[in-house]
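Okay, thanks for having me, everyone. I've got one small slot today, so let me put the structure up and talk you through it.

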Amino acid sequence: MNETTLTGHKLQGKRRRPKTVEGLRVCAAKECTTRLSRYNRKGTCHLHTPVKFPRVRGHDVRTAEA
Ligand SMILES: [Zn+2]
């Protein structure tokens, strides 16, 4: 019998858990009391994290440092 049907395979191996940071943390910026998510590996909240632009099509589009 000629088998022509494509069949899927079950994923092998263990599923990776997202990296988390234990404990309660707050933003490192002064006077900011924003609690950081366990999934936030930076020390600052979204508001106090400097904006980073990823490289786009080979061009470095970082903003000029003040
Ligand atoms: Zn903050």
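Let's start with contacts, meaning heavy atoms within 4.5 Å. Among contacts in the protein chain between residues at least 6 apart in sequence, 0% join residues at least 24 apart. Before I go on, the housekeeping: this is a predicted model, where local features need pLDDT of at least 70 and side-chain atom pairs count only at pLDDT 80 or more, while totals for chains, interfaces and linings use all residues. Residues are numbered from 1 along each chain as its sequence is written, and side-chain values use heavy atoms, with hydrogens and water left out.

So how many helices and strands do we have? Zero helices and zero strands, going by DSSP runs (H or I of at least four residues for a helix, E of at least two for a strand).

Next, burial. I'm calling a residue buried under 20% relative accessible area, exposed over 50%, and partly exposed in between, with a 1.4 Å probe and protein chains only. Of the 66 residues, 12% count as buried. The chain's accessible surface, from Shrake-Rupley with a 1.4 Å probe, is about 7300 Å², and 54% of that belongs to carbon and sulfur atoms.

Now the cysteines. C27 is buried because its relative accessible area is 5%. C45 is buried too, at 6%, and C32 is buried at 11%. Leaving out residues up to four places away in sequence, C32 touches C27, C45 and H48. And how many disulfides? The count is zero, taking a disulfide as a pair of cysteine sulfur atoms within 2.5 Å.

Staying around there, the C-alpha atoms of C32 and T44 are 9.0 Å apart, with their positions twelve residues apart along the chain. T34 is partly exposed, since its relative accessible area is 36%. Apart from neighbours within four places, T34 contacts R25, V26, C27 and C45.

One for the backbone people: E31 isn't a glycine, yet its phi is positive, near 65 degrees. E31 counts as exposed because its relative accessibility is 81%.

Last stop, the largest pocket. On a 1 Å grid over the protein atoms alone, a pocket is an open set of points where a 1.4 Å probe fits, with protein on both sides within 12 Å along at least five of seven lines; lining residues have an atom within 4 Å of a point. The space in it is about 230 Å³. Its lining is N40, K42, T44, C45, H46, T49, P50, V51 and K52.

That's me done; shout if you want to rotate anything.

Notes. Points joined across faces, edges and corners; volume = space filled by probe spheres on them.
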